[in-house]
Amino acid sequence: MSHRLGTGGRLIDRARPMDFTFNGKSMRGYAGDSLGAALLGAGQVLVGRSFKYHRPRGIVASGAEEPNALVGLGEGQRFEPNQRVTTTELFSGLKAVSQNHWPSLEFDVGAVNAKLWRFFPAGFYYKTFISPRPLWKHVYEPIIRRSAGLGKAPDAETRDADRYEQLYAYCDVIVAGGGVAGLKAARQAADEGKRVILTEQNPHFGGRAVVDGIEVEGQAAEDWVKAQVAALQAMPNVTVLDRTMVSGVYDHGYVLAYQRVADHTPGAEKPRHRLWRVRAGQVISATGAIERPLSFAGNDIPGVMLASAIRDFVVNYAVSPGKKVAIVTNNDDAYRTALALHAVGVTVPAVIDARKEVTGDLPAKARAAGIRVIEDCAVRYVEGGKSVTGVQLCRFNSDGGAVIETLACDALGMSGGWSPVVHLWSHCGGKLTWDEGRALFRPDANRPPLGHDGQGFVTCVGASNGEFDDEGEAAMLPVWLMPAQASYELRAKAWLDPQNDVKVSDVQLAAKEGYASVEHTKRYTTLGMATDQGKLSNINGLAILSDALGQPIPQTGTTTFRPPYTPISIGAIGGEARGGIFQPLRKTPIYDWHMAQGAYWEPVGHWRRPYCYPKTGETHGDAVKREINQVRKSVGLLDASTLGKIIVKGPDAGRFMDMLYTNMMSNLKVGKCRYGLMCNENGFLSDDGVVARLSEDTFLCHTTSGGADRIHGWMEDWLQCEWWDWKVHVVNLTEQYAQIAVVGPNARKVIEKVGADFDLSAESFPFMDWKEGKIGGIEARAFRISFSGELSYEIAVPASKGQAFWDKLMAAGAEFGVMPYGTEALHVMRAEKGFIMIGDETDGTVIPQDLGLNWAISKKKEDFLGKRGMEREAMVSPDRWQLVGLETLDGSVLPDGALAPLPGKNDNGQQETQGRVTSTYFSPTLGKGIAMGIVHNGPKRMGEVIQFQSAAGGTVAARIVDPCFYDKAGEKQNV
Amino acid sequence: MTRYSAFAIAREAMRQHTGWQKAWASPEPKAHYDVVIVGAGGHGLATAYYLGKNFGITNVAIIEKGWLGGGNTGRNTTIIRSNYLQDPSAAIYEKARSLYETMSQDLNYNVMFSPRGVMMLAQTEHEVRGYKRTEMANKLQGVETRFIGPAEVKRLVPIMNIEGPRYPVLGALWQARGGTARHDAVAWGYARACSAMGMHVIQNCEVIGVESVGGQVSAVATTKGTIGCNKLGIVVAGHSGHLANMAGFRLPIESVALQAMVSEPIKPAMDVVVMANTVHGYMSQSDKGEMVIGGGADHFNNYTQRGSWQHIEETVRALIETFPMLSRLKMLRQWGGIVDMTGDRSPIISKTPLGNTFINCGWGTGGFKAIPGSGWAMAELIAKGEPGSLARDFSMFRFREGRFIDESVAAGVAH
Amino acid sequence: MLLLTCPCCGVSAEETEFTNGGEAHLKRFGPGSSDADYEAYMFARKNPRGVHFERWRHAYGCGKWFLMARDTMTLEVYGAYKAQTTEPPADIQAKIKARRPEWEGYK
């Protein structure tokens with residue numbers, strides 16, 4: 001049984017015990033422990049269940065590669081599933097629960113799957129549950145889905161109690177990995193004066209060297225590392241980050257580093273995670289190597305661990321996985337584990353070595369220490385259930401039929417050699433090469449990931465580059481299956497991927513069935529698709545696959561390494577952008593006032609506009625009705641500040657305007673306004689608005705609220721890229737002005753009361769004119785334009801004066817019952833007038849001609865944007881639907897988007913149609929439903945009654961009428 | 001071909017699974033076929049399958065430069081729906097959806113079609129109107145959809161925050177019979193069925209040239225030699241422009257990278273597919289328990305199939321806002337796929353300037369859901385030389401004529 | 001996340017500061033042009049695997065449009081130049097040729 005040793009543990013502080021619970025059971029560890037170490041130290045070997053067979057699972061590794069030991073951590077708003085115990089730092093009060101079992105970890109009903117393993121080979125679900133079809137839908141699929149997943153989902157109403165932050169950083173060199181290779185690389189770059197960021201995923205530096213106790217540059221590794229870290233921390237051009245993992249390398253040297261700031265101090269006033277978004281000149285990957293497991297039967301039983309992990313637990317935490325720990329290996333390095341165990345008094349019954357003859361220095365030391373070494377030997381089978389009880393041995397070159405010995409032990413360390421961690425090299429396209437001698441994939445220096453300049457920008461150093469400090473070690477023997485000719489029964493119990501339950505036999509079956517590409521094998525068997533993304537399993541799996549296909553390993557290749565290196569929290573990806581500011585929020589100068597009035601908001605792009613201003617007890621519909629009635633009867637105010645305002649200025653401004661708009665703009669007189677349409681080069685209507693000519697060479701273009709930035713970009717595009725010799729410039733002044741529409745029969749009176757220094761009378765300031773001056777002492781530009789059909793002044797004032805001006809209007813309007821109105825009232829009133837709305841009457845497929853806007857398309861101009869597009873066959877077809885007004889016979893409101901069905905179906909079985917509703921509202925002014933729509937040949941069918949879809953599912957009769965329902969002659973706006 | 005069934009598995013279990021045959025044969029190419037399909041993704045394989053099934057044409061090779069199903073078929077977020085606005089789109093996607101319902105039985109391969117329901121959130125007044133319009137159109141198109149209110153949205157998706165501070169959920173367009181399927185299995189099932197009909201699925205065979213005589217293609221040059229054909233079908237998604245260049249014509253296609261990611265697996269938390277176009281994100285939970293999340297596309301031409309970052313970040317922010325509990329999960333893996341975007345974002349199933357050559361491409365971000373319908377329509381086009389009712393409106397010449405099929409009004413950016 | 005350098009203001013910045021405007025050096029065909037020319041201008045795209053000439057705007061910087069040669073397979077940037085240019089500058093073409101001898105030229 002695993003246990004805490006009496007002495008040692010370079011990372012723990014025995015003076016600071018920490019209490020925690022696992023599945024509700026109280027346990028004790030020490031400051032400096034990982035949760036994994038604390039669990040093992042407390043004797044907890046069984047920590048979870050596997051995905052498919054619900055097999056018992058224990059800790060295999062000591063770091064990020066751990067596939068098995070995942071727990072749910074924390075509670076309530078801080079609960080998080082799938083936390084790896086080997087990289088979770090222990091803290092007092094930690095609460096962990098194991099995953100994927102019912103009713104309990106020790107007794108799991110799902111484990112019946114394991115008994116039926118013969119019936120659940122790789123990809124079995126593709127071959128069954130096929131018929132009958134209803135059973136799939138109602139029985140099989142629901143069962144499969146219910147058994148999905150590992151960790152418990154956080155509660156549906158979870159609102160993460162932690163915060164996250166993001167930082168930008170720039171450096172010449174980022175070094176991933178704080179082992180000896182990384183420290184050396186960082187120091188070298190720093191000494192050259194480069195800006196360096198050094199990251200280490202653990203809370204401590206030194207990598208394997210400090211565990212193995214080697215010497216570096218004549219110094220004990222521990223001391224050397226300490227000195228180097230201190231030196232780097234003291235350098236002004238170096239940022240040293242612990243608990244920080246480079247999670248991904250992206251194009252052109254964009255690097256993400258994931259810092260776990262406060263995972264070990266939950267509830268502290270710190271961000272939990274910090275995501276560094278680094279732009280690096282060079283990335284140095286000093287990410288080390290990961291030890292490979294060996295594939296033998298029963299290698300998934302709790303207590304079977306990587307040999308290096310055992311060493312880590314012993315040296316770092318003074319924890320041994322057992323009292324009697326055997327080692328199985330194909331290389332010399334594993335003897336370090338045997339020696340480390342021996343040194344702390346743990347019995348090592350034998351080192352089982354697959355090699356015929358074992359000759360290196362380390363085995364010699366082991367033998368000298370009295371450790372038994374069994375050559376040319378393999379683990380045939382591990383005995384035990386929820387923990388190891390012994391191992392059966394056989395000759396390595398055999399099918400495992402003959403057991404040569406059974407060794408009693410309660411844990412087993414395994415080592416199949418080492419695989420460089422090449423993820424960061426590969427994320428952005430770096431290629432690998434197969435090192436035959438060491439049987440590993442390493443970075444191919446000739447094919448690095450390329451940066452913006454076409455040069456490689458990632459370098460691997462140390463073990464990550466396939467360089468090992470293994471002088472005096474004998475060659476390893478590549479071992480992909482143990483024993484070499486293991487029988488089916490053994491192969492079917494030799495795990496490759498312990499989390500997803502993929503075994504040697506599964507990969508062989510995939511190959512047999514033709515899933516021969518490494519990607520097919522992965523996807524068919526789910527090999528390497530678990531939360532560890534194959535860090536332990538992939539190399540063994542593809543060696544088995546290569547063998548099954550009879551081809552060398554490099555020909556099989558690897559699957560693609562994708563970011564992140566290990567999973568990163570979604571909270572950190574979101575960063576600070578959550579809640580009300582999860583996207584940028586654009587506010588008009590009068591925003592706070594609207595808010596104080598209890599406006600109901602409508603998002604328009606990143607803007608928010610008041611939809612209406614409901615009073616206590618009012619529905620939104622009531623509010624809209626009241627607002628409309630008040631405008632039509634007296635006066636209302638609209639915050640129109642979001643409207644786009646773009647200045648077009650220069651000697652060629654008129655010429656440019658004529659290209660932008662479908663109608664003629666160059667002949668607009670100074671002081672006048674004109675409604676205009678803009679189309680894209682396809683001829684589709686893209687924006688509309690009123691243009692004012694401010695001076696001979698200056699136009700002010702009003703665009704839709706959503707269109708301002710797009711249209712400004714569009715203008716710049718044409719001026720810079722097509723007509724760059726034209727003397728025009730454009731400026732987007734949308735946010736420089738607040739714009740307020742004063743609308744209604746009493747509009748003039750309100751403004752007069754505020755006090756204008758120019759004549760507001762109809763004679764001197766008629767409809768479609770604009771004037772500049774002071775109103776209420778504030779510089780203003782007033783436009784006599786109307787989107788409602790009422791007497792209306794749209795008045796622009798400097799943004800900083802917007803609120804003051806609004807206040808003056810409200811005060812002056814009080815005696816007329818002035819009230820603000822929102823976008824919905826605006827929409828209804830424009831529909832009453834038959835004015836089109838971009839986005840309602842248009843949807844990117846509508847040309848101006850469809851909307852009866854031929855009058856706004858100049859026949860005189862040789863060219864304007866969209867003219868060629870409108871000349872195409874389908875655009876000039878007489879069969880296009882065209883704009884009309886629609887009135888139901890019963891006065892009801894037509895449903896949004898209702899179509900006018902015709903008898904008959906097309907050859908795809910779809911009902912034929914002859915028109916559709918584009919805008920539909922209840923008109924408080926007319927006391928009935930009104931609508932606009934486009935109908936086949938509509939304008940020629942005035943008075944005709946046709947059927948539209950009704951809300952109830954049937955049809956409703958509507959008469960085709962003129963789209964203008966209110967004051968067709970324009971007498972109200974033109975006063 | 002051994003039929004797959006529970007009995008077959010039981011039989012094999014007793015003999016160490018030694019009796020399974022190859023799912024598809026891996027023959028060397030012949031010198032000539034009646035039809036050569038370039039591209040063994042879902043669309044190419046489905047085209048071949050329906051050539052055989054509906055028209056009895058089985059002297060067919062499907063050639064693939066990498067591994068079959070290795071393009072967008074194996075990289076997408078597996079959403080299946082047909083709640084499209086425009087008639088031609090609704091027709092082909094609904095055909096596809098209905099074929100998905102019986103695909104496992106048709107192919108004797110469980111593609112795990114899961115009609116769990118697809119929900120498209122309306123988070124602005126404009127979206128509400130857009131989806132109500134789609135609902136109306138769908139009624140006449142024979143597509144079952146329904147606009148539902150916020151309370152029903154919450155009932156269907158308890159982890160959703162329908163009262164977000166910026167974009168409260170105003171309703172959703174709900175297609176109960178939409179859902180997901182296992183993407184790889186669709187390619188594998190079709191490949192197995194094609195192989196069983198005697199067709200040749202040839203992997204690791206890249207087209208390096210197109211040979212034509214008098215406006216007709218006679219053969220394709222490949223890394224496995226020259227392969228002659230009477231008819232050629234090009235079904236290569238993101239690489240369509242490249243193939244068209246070889247064949248001597250240009251397409252209204254640009255290839256960009258679309259981003260996607262999955263979380264670590266968790267126990268079932270969301271039973272339906274949710275798409276949120278205002279905030280640019282969509283999400284479902286796979287049968288393994290991962291939250292499968294689709295993001296936006298990079299806006300520049302790109303063939304690298306790599307994940308980029310900014311769209312993932314943007315999507316994740318939106319999804320945290322919509323599903324706050326996601327904040328406590330972790331991202332397991334991100335990747336990119338190369339999608340082929342047309343001038344109106346709708347696909348092309350079309351004759352080409354070369355008489356005996358046909359092209360199927362431009363599915364953009366939404367091709368997976370169309371696979372069987374697309375194959376059905378493309379097979380008809382190749383067999384008859386003229387498009388049938390499903391393909392007719394998807395001609396590559398529609399842009400010149402101004403006959404767009406624009407879904408942007410209702411579909412937004414995401415598929 | 002590309003790292004781009006604006007040739008107008010000289011700033012190197014993240015891709016998110018820029019907007020892409022598609023293929024460069026397209027000739028506009030307006031009223032009176034043939035269907036084929038109009039279609040070529042509006043829709044037909046080279047969409048090459050390899051060297052690509054494209055338009056970018058430094059939208060959240062100096063606001064200028066510019067043109068750029070970039071490889072769509074490796075994302076290497078060969079050079080950026082002013083939008084007011086009718087064909088790629090000789091030095092950029094020479095650089096591409098040196099990096100990609102098999103390149104057939106920008107036409």
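**Close-up 1. The hairpin of β48(A) and β49(A) in the predicted model.** L899(A) has R916(A) as its bridge partner in β49(A), in a model that is predicted throughout. Strand β48 (residues 899-905) of chain A and strand β49 (residues 911-923) of chain A run antiparallel to each other and are joined over 3 bridges. Between the two strands of this hairpin there are 5 residues, and G909(A) adopts a positive phi near 80 degrees.

**Close-up 2. An open sheet of 5 strands in chain A.** The strands follow one another in the order β38-β39-β40-β37-β41, and their pairing is antiparallel. Because β38 (673-679) and β41 (729-732) of chain A each have a single partner strand, they form the edges of the sheet, and one side of each is left without a neighbour there. Averaged over the sheet, and with direction ignored, neighbouring strands are turned by 30 degrees against each other. At one of these edges, β38(A) pairs with strand β39 (residues 685-695) of chain A in the antiparallel sense over 7 bridges, and within that pairing G676(A) has G689(A) in β39(A) as its bridge partner. Helix α21 (residues 708-721) of chain A lies across β37 (644-649), β38, β39, β40 (698-703) and β41 of the same chain, and its direction makes an angle of about 165 degrees with β41(A).

**Close-up 3. The interface of chain A and chain B.** Chain A contributes 125 residues to this contact and chain B contributes 113 residues. The size of an interface is often expressed as the accessible area that is lost when the parts come together. Here the area buried between chain A and chain B is about 10,500 Å², with carbon and sulfur atoms giving 53% of it. On the side of chain A, the residues that lose the most area to chain B are Y126(A), R562(A) and I570(A), which together make up 7% of what that side buries.

**Close-up 4. Polar links and strand pairing between chain A and chain B.** Across this interface there are 14 salt bridges, one of which joins R133(B) to D843(A), with the closest N and O atoms 2.9 Å apart. Residue pairs in polar contact between the two chains number 67, counted where both residues have pLDDT 80 or more. Helix α4 (residues 133-146) of chain A supplies the largest share of the side of chain A that touches chain B, namely 7 residues, and that side as a whole comprises 50 nonpolar, 40 polar and 35 charged residues. Backbone pairing also crosses between the chains, as strand β33 (residues 568-569) of chain A and strand β16 (residues 330-342) of chain B pair in the antiparallel sense over 2 bridges, with S569(A) standing opposite K330(B) in β16(B).

**Close-up 5. The interface of chain C and chain B.** In this contact, 22 residues of chain C meet 26 residues of chain B, and the two chains bury about 2,200 Å² between them, 50% of it on carbon and sulfur atoms. F43(C), N47(C) and R49(C) are the residues of chain C that lose the most area to chain B, together 34% of what that side buries. Between the chains there are 3 salt bridges, including the one in which the side chains of R49(C) and E206(B) meet at 3.8 Å, N to O. A further count gives 12 residue pairs in polar contact, both residues at pLDDT 80 or more. The elements that give two or more residues to the side of chain C touching chain B are α1 (35-42) and β4 (51-57) of chain C, with β4(C) giving the most, 3 residues.

How values were computed
Residues numbered from 1 in each chain as written. Chains lettered and ligands numbered in written order. Predicted model: local features only at pLDDT ≥ 70, side-chain atom pairs only at ≥ 80, totals over all residues. Heavy atoms only, no water. Contact = heavy atoms within 4.5 Å. Buried area = accessible area lost by both parts, 1.4 Å probe. Salt bridge = Lys/Arg side-chain N within 4 Å of Asp/Glu carboxyl O. Polar contact = N/O pair within 3.5 Å; in protein donor to acceptor, adjacent residues only side chain to side chain. Helix = DSSP H or I, 4+ residues; strand = E, 2+ residues; numbered from the N terminus. Nonpolar A, V, L, I, M, F, W, Y, C, P; charged D, E, K, R; others polar. Pairing = 2+ DSSP bridges. Axes fitted to C-alpha atoms, helices over the stretch in contact; angles between N-to-C directions.
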